[in-house]
Each structure stands twice: as structure tokens, then as C-alpha cells.
Amino acid sequence: LTYYSGFHSKPRARAAPTAGDSVLFEDTSSAAPAMNSQGYYTSGYNMGGPSNDMQGGGGMNNLFADPMANAAMMYGSSLANQGKDMVNKEISRFMSVNKLKYFFAVDTRYVLKKLMILMFPYTHQDWEVRYHRDTPLTPRQDVNASDLYIPTMAFITYILLAGMALGIQKRFSPEVLGLCASTALVWVIIEVLVMLLSLYLLTVHTDLSTFDLIAYSGYKYVGMIFTVLCGLLFGSDGYFVALAWSSFALMFFIVRSLKMKILPSLSSDSMGMGSNAKPQLRLYITVASALFQPIIIYWLTSHLVR
């Protein structure tokens with residue numbers, strides 16, 4: 001009995017650990033397959049996957065496949081096109097973009113020759129503007145054509161030079177520089193408006209456009225830059241010599257240029273002046289515009305040189 005009981009107890013003692021080991025082994029080893037079967041690790045891997053697909057383009061394909069997203073994109077695109085058309089329409093009401101491009105059709109050769117004419121106009125002989133099929137040639141094709149590139153660059157250079165001059169004299173401040181820029185711009189606007197009003201009231205027919213008047217009014221900034229530079233380098237004496245030179249050169253340039261563009265009126269005006277008075281009106285307007293230039297040059301440059 002003892003042997004029998006021991007025989008049976010011994011297998012029981014072995015069975016219990018075996019059963020316990022098998023349970024522990026099955027719990028730890030079957031956990032991973034169970035979770036894989038339930039898709040936890042697979043779903044976790046897929047959770048990282050869609051983000052990469054979204055970045056790679058899979059999500060974008062799903063986005064473009066969405067009819068609501070396509071409708072929203074089409075609606076946004078139509079709104080953008082409508083806004084662009086409205087902006088272009090409003091701009092076209094005040095200015096012609098194609099005509100504005102004409103005044104910026106310049107190259108290096110034209111700029112250099114134009115600057116030489118502005119500073120040394122006495123040596124220039126041919127002042128006639130050339131046309132092709134009733135259309136004036138672009139500035140790069142005709143040095144006598146007016147442009148807006150030189151006035152724009154000269155205006156910006158003048159403002160920068162004014163800031164440098166004020167800084168050298170310990171008088172620089174953003175308010176003073178802003179006042180200098182706004183004053184120069186306002187004088188150009190006033191000059192152009194006065195010119196347009198004079199041509200309208202005196203009924204003088206001309207082929208000058210508003211852009212032409214802005215260009216001729218803006219050419220003075222080239223002489224202003226030269227005047228300020230001479231004043232900074234050589235003092236007041238150099239300033240007044242440069243002022244006299246640039247003023248006479250600009251006056252000669254304005255008279256010769258406007259003489260070719262301002263045409264006499266074909267009909268009598270309302271004040272009773274006959275057609276014989278029209279050349280005199282043309283001369284008066286041209287000379288008055290030329291004489292106005294030195295006054296503005298002195299007004300806008302005298303406070304920069306001390």
C-alpha cells in the first residue's frame with residue numbers, strides 16, 4: 001500500500017508541475033497569437049500605415065476621390081478666378097496694363113543713352129519720336145520715347161540718397177524720410193494735374209498721355225540725384241553749380257521733347273482765340289513746364305545739403 005500510494009502520489013506530484021508549467025507556457029506563448037488573431041498588432045501597424053500613406057499620396061487620392069472635396073476645390077477655384085477678373089477689371093478702369101508695359105520696355109543700352117541725353121541734351125540732334133503703323137516704338141527701339149523705368153528708379157534712388165544725407169548730418173528719422181518721400185510724390189502729382197488741366201482749358205490737342213506726363217515730370221529726379229551728390233561731395237558751391245547745370249539741361253530737354261509732342265489745336269477755343277494763337281499756347285505751356293522744373297529741384301534738394 002505504501003508503494004502503491006507512493007507510486008500514485010509521485011505521478012501526482014509530477015503531474016501538478018507539468019500541468020502548471022503547461023498553463024504558464026500556454027498563457028505566455030498564446031498571448032501573441034491571440035492578439036494577432038484579434039488584430040491588435042495588425043491594427044496598430046495599420047494605424048501608423050495610413051499616416052505614411054497620407055503623406056505619400058494615398059490619403060490625397062482618397063481626398064480627391066471625395067465628391068464633396070472636389071466640389072469645394074472647384075468652388076474655391078471659381079471664386080479665385082472671379083476675384084482675379086474683378087481686380088483686372090478695376091485696374092483696367094484706371095489704367096491699361098498693356099500700355100503700362102510699353103513704358104517699361106527698356107534695356108541697358110536705352111537707359112545709358114537716355115541718362116546721357118538727360119545730363120547732356122545739347123549734343124542730341126534728332127528729337128523726333130518714331131512710329132510704326134501709327135504706334136510709337138518702344139523705348140528700347142527709340143531713345144526719344146518716354147519711359148517710366150528711369151523716373152521710378154531715380155525716385156527710389158533719391159529717397160535712399162536723402163536718407164543717407166540726413167544720416168550724415170545726424171538729422172535722420174523715419175518721419176523725416178517719409179515726409180521727404182511723400183513731398184516728392186505729391187509734387188509730381190500736382191505737376192501732372194496742372195499740366196492736364198492746362199491742356200484741357202486751353203483746348204490744345206496733344207498726343208501726350210498721362211503716363212507721358214508722369215515720365216517727363218519724373219526725369220527731374222536724375223538731376224536731383226546729381227545735385228545732391230555734388231552737394232555732399234563739394235559743399236554748397238558744388239551744390240549750386242550742379243543745380244544750375246541740371247536745371248538748364250532739364251529745361252532744354254523738356255522744351256525739345258514737348259515741342260515734338262504738343263500739337264496745336266485744330267479748332268478755335270471758347271475764349272475767341274484764333275488758330276494763330278495756338279502755336280503761342282503750345283509755346284507757353286512748354287516753357288512754363290520747363291521753368292517749373294528748377295524750382296522743384298531746389299525745393300526738394302536744398303534742405304539735404306548744408
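Here is a short back-and-forth on how some of the labels for this predicted model are earned.

User: Let's start with the overall layout. What is the protein built from?

Analyst: This predicted model has 11 helices and 2 strands. Along the sequence the order is α-α-α-α-α-α-β-β-α-α-α-α-α. Of its 306 residues, 33% count as buried. Among contacts with a separation of 6 or more, 75% are between residues 24 or more positions apart.

User: Why is α9 called roughly antiparallel to α10?

Analyst: It comes down to the crossing angle. The axes of α9 (residues 210–218) and α10 (residues 220–261) cross at roughly 150° and come within 9 Å. Angles over 145 degrees count as roughly antiparallel, so α9 gets that label relative to α10.

User: Which residues make that contact?

Analyst: On the α9 side you have Tyr 216, Ser 217 and Gly 218. They meet Lys 220, Tyr 221, Phe 253, Ile 254, Ser 257, Leu 258 and Lys 261 in α10. Sorted by class, the contact of α9 with α10 has 5 nonpolar, 3 polar and 2 charged residues.

User: What makes α9 "mostly covered"?

Analyst: The tally: 7 of the 9 residues in α9 are buried. Those are Phe 211, Asp 212, Leu 213, Ala 215, Tyr 216, Ser 217 and Gly 218.

User: And Thr 210, is that buried or exposed?

Analyst: Neither, really. Thr 210 lies in helix α9 and has a relative accessible area of 39%. Buried means under 20% and exposed means over 50%, so Thr 210 lands in between as partly exposed.

User: What does Thr 210 touch further along the chain?

Analyst: Setting aside neighbours within four places in sequence, Thr 210 is in contact with Val 192 and Leu 196. Thr 210 and Val 192 are 18 residues apart in sequence, with 7.5 Å between their C-alpha atoms.

User: Now α6 and α10. Why are they called roughly perpendicular?

Analyst: Same kind of check on the angle. The axes of α6 and α10 cross at roughly 95° and come within 7 Å. The window for roughly perpendicular is 65 to 115 degrees, so α6 and α10 fit that label.

User: Which residues does that contact use, and how do they divide by class?

Analyst: From α6 come Lys 114, Leu 115, Ile 117, Leu 118 and Met 119. From α10 come Val 222, Phe 226, Trp 245, Ala 249 and Phe 253. The contact of α6 with α10 divides into 9 nonpolar, no polar and 1 charged.

User: How many aromatic pairs are there?

Analyst: Searching the whole structure turns up 14 aromatic pairs. One of them is Tyr 122 with Trp 245.

User: What makes Tyr 122 and Trp 245 a pair, and why "edge-to-face"?

Analyst: Two checks. Ring centres have to lie within 6.5 Å, and these are 6.1 Å apart centre to centre. Planes over 60 degrees apart count as edge-to-face, and here the angle between the planes is 75°. The pair links distant parts of the chain: Tyr 122 is in the loop between α6 (108–119) and β1 (131–132), while Trp 245 is in helix α10, 123 residues apart.

User: How do you know how open those two residues are?

Analyst: From relative accessibility. Tyr 122 comes out at 39%, so it counts as partly exposed. Trp 245 has 38%, so it is partly exposed too. Both Tyr 122 and Trp 245 are in an aromatic cluster with Phe 120, Trp 127, Tyr 216, Tyr 219, Phe 252 and Phe 253.

User: What makes Lys 170 worth a look?

Analyst: The backbone. Lys 170 has a phi near 60°, a positive value in a residue other than glycine. Most residues other than glycine have a negative phi. Lys 170 is found in the loop between α7 (149–168) and α8 (174–201). At 75% relative accessibility, over the 50% cut-off, Lys 170 counts as exposed.

User: How many disulfides are there, and why are Cys 180 and Cys 230 called buried?

Analyst: The structure holds 0 disulfides. Cys 180 has 7% relative accessibility, so it is under the 20% cut-off and counts as buried. Cys 230, at 13%, counts as buried by that cut-off as well.

Key:
Residues numbered from 1 in each chain as written. Predicted model: local features only at pLDDT ≥ 70, side-chain atom pairs only at ≥ 80, totals over all residues. Heavy atoms only, no water. Axes fitted to C-alpha atoms, helices over the stretch in contact; angles between N-to-C directions. Helix = DSSP H or I, 4+ residues; strand = E, 2+ residues; numbered from the N terminus. Parallel < 35°, antiparallel > 145°, perpendicular 65-115°, else oblique. Contact = heavy atoms within 4.5 Å. Nonpolar A, V, L, I, M, F, W, Y, C, P; charged D, E, K, R; others polar. Buried < 20%, exposed > 50% of the residue type's maximum accessible area, 1.4 Å probe, protein only. Phe/Tyr/Trp six-rings, centres within 6.5 Å; stacked < 30°, edge-to-face > 60°. Disulfide = S-S within 2.5 Å.
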